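Me: Could you walk me through a few features of this structure, and how to read each one?
Reply: Sure, let's pull it up and start at the ligand.

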Amino acid sequence: MHCSSLAATRAAFAAHHRYLVRYGLRTFSTTVAAMQLSSAATAAAAASSSTPSSSDGRKVLTVDTMNQHIRTMEYAVRGAIPIRADELREQLKSSPNSLPFKQITACNIGNPQQLAQKPITFLRQVSALMEYADLLGPEMIETTRKLFPEDAIERARRNLSYVGNAAGAYTHSLGIHEVRQNVARFIEERDGFPASADNICLTTGASGAVERVLDMLVSSPNVGIMIPIPQYPLYTATLARLNAQAVPYYLQEENDWQLSMSDLERALSEARANGTDVRALVVINPGNPTGGCLLSSNISEIVRFCEKHRLVILADEVYQTNIYTGTNPFVSFKQVVAQMQSEVELFSFHSISKGMIGECGRRGGYYEAVNIDQAVMAQMLKLASVSLCPNVQGQMAVDTMVNPPKKGDPSYAQYAAEIDAIFQSMRRRAKRLATAFDSLPNMSCNSAQGAMYVFPRVTLPQQFVDEARAKGVEPDSLYCMQMLEATGISVVPGSGFGQVPGTFHFRSTFLPPEELFDDFIDGFKRFHMGLLARYSPKI
Ligand code: DCS
């Protein structure tokens, strides 16, 4: 590497590190240090160090020559703790009695089917029929009728007709037109305002949508995007990859993680005073990792703020049906923008991975673009066309999500019952977990108004904090690693999402099956109380 580019890389690393520390985010070195708490990971690192590296000049692609912006990326949801959890899972397979627990409880990721949530039957029936279309042909249809309800058969036929009977063929780059029309209809019914298929783009999960929009917005390293702290790390990771600036604003933990307008003003004016070209504001509602849900009055203020300061709104609304309180119903940004007759530019995101559908692996999502310049829309089509199209089954699952069986259809009763059972159970689990965390000494936890997570705050004993720092590890990472080693519960340290410096949190999903909840909560309590007893014997 040339000296000048090496210097530039070092400067970029230093700037990134300063920002991470300031907003309580995990750094690459602390991730590595946390991983090295695991002996197996240390062994793996030692083994891989025998691979030729940049220093012996044999490899063209090395960590020093690769895209350095990818090197600075962090994504804690699948970081050091889950990697160690995978190792322990393997260990349990070969020697089931070698650990103080019988199974890994993966609370690090909002991946419901991994934790035994049953898929929605209608959705799978339609996709099965589409995948093996011979089931719909003259030779097999009689048998198929005995196994599948008539509306699933009709739906599969209709879906296949959208793609010229070729479920394995590329579709339009923005997604199948009829599915986009159904998405537009769903938005109209949800919000009571017009929506158009022309403004809908189907994507590979909401992740694909967020990345696409950030790709469009970042035109130079000086561009800044406002993101909440704590945030879902897709945002900081993508901004790091694009070599752009994250402009963080804090959510208010003491106020159920609501968004403070004065902190938005502060963050924006500080960044602009430093010369950052702040172009957009990300709002995650309902919140990940916080579970907070914004009131519509707050959304109007945010819209006004973005109008006034010329910011595009990125409304991440993937948890829009995961709402557990009557006090904070979900209100979409699109609805508020339409009510206010605002001309603010808005992208909103939705996904099949969340809600009660939980089809994370099918990778379906979409964005709706509102008030976006037509010439930009044409460029976005071009950008979409470079990756040809989102996958067909993901698109079809979006279609079922936005256009489920209706009253009177053969599958309606079962569909509604399945959705309701998952929802009621999630609501009970959200409450139980938040209450359990909140009742413990040295912990406080806001209730989850929405989403799939709680984000409790832990007051760690000073001696524990000092020991972690002496090891070069974030104290919350050490806490989570010790929790994993003692209980098999895998959660994500708060530093993976950002937090007020000096505070410590972790994020846990409330997705383990309800029947395992007693064990899950007991195991956690034993760990937490044991740690406190070791460090503060009086408790
Ligand atoms: N936006 C938010 C706020 C999310 O939480 C997620 C996924 C996404 C977008 C992307 O989802 P899809 O690409 O699957 O549509 N949440 C991750 C998480 O924190 N746990 O599970 C995955």
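Me: Which ligand atom does Tyr453 face with its polar side-chain atom?
Reply: A nitrogen atom of the ligand, with 3.2 Å between the two. Keep in mind that this is a predicted model.

Me: What about the oxygen atoms of the ligand, which distances do Tyr319 and Asn288 give?
Reply: For Tyr319, a polar side-chain atom sits 2.6 Å from a ligand oxygen. For Asn288, an N or O atom of the side chain is 2.7 Å from an oxygen atom of the ligand.

Me: How many residues surround the ligand, and which are the closest?
Reply: There are 18 around the ligand, and Tyr319 turns up again among the closest, together with Ser207, Asp316, Ser351 and Ser353.

Me: Now backbone geometry. What should I expect before I look for oddities?
Reply: As a rule, most peptide bonds are trans, and most residues other than glycine have a negative phi. Here, Asn288 is joined to Pro289 by a cis peptide bond, with omega about 15°. Another cis bond links Asn285 to Pro286, where omega is about -10°.

Me: Where do Pro286 and Pro289 sit?
Reply: Pro286 is in the loop between β6 (277-284) and α13, and Pro289 belongs to the loop between β6 and α13 too.

Me: And which phi does Ala116 have, positive or negative?
Reply: Positive, about 75°, even though Ala116 isn't a glycine. Look for Ala116 in the loop between β1 (105-106) and α6 (121-131).

Me: On to helix packing. What do I need to describe a pair?
Reply: The angle between the two axes and the distance between them. Take α12 (residues 261-273) and α13 (residues 296-308): their axes come within 11 Å and cross at roughly 20°. Angles under 35 degrees count as roughly parallel, so α12 and α13 are roughly parallel to each other. Their crossing is right-handed. Met261, Leu264, Glu265 and Leu268 of α12 meet Asn298, Glu301, Ile302, Phe305 and Lys308 of α13. Sorted by type, that contact has five nonpolar residues, one polar and three charged.

Me: At what angle do α5 and α19 pack?
Reply: About 15°, for α5 (residues 80-94) and α19 (residues 475-487), with the axes 10 Å apart. That makes α5 roughly parallel to α19. The crossing of α5 and α19 is right-handed. On the α5 side, the contact uses Ala80, Ile81, Arg84, Ala85 and Leu88, and on the α19 side Ser477, Cys480, Met481, Leu484 and Glu485. The split for α5 with α19 is seven nonpolar, one polar and two charged.

Terms used
Residues numbered from 1 in each chain as written. Predicted model: local features only at pLDDT ≥ 70, side-chain atom pairs only at ≥ 80, totals over all residues. Heavy atoms only, no water. Axes fitted to C-alpha atoms, helices over the stretch in contact; angles between N-to-C directions. Helix = DSSP H or I, 4+ residues; strand = E, 2+ residues; numbered from the N terminus. Parallel < 35°, antiparallel > 145°, perpendicular 65-115°, else oblique. Left-handed = near helix turned anticlockwise from the far one by under 90°. Contact = heavy atoms within 4.5 Å. Nonpolar A, V, L, I, M, F, W, Y, C, P; charged D, E, K, R; others polar. Near = heavy atom within 4 Å. Polar contact = N/O pair within 3.5 Å; in protein donor to acceptor, adjacent residues only side chain to side chain.
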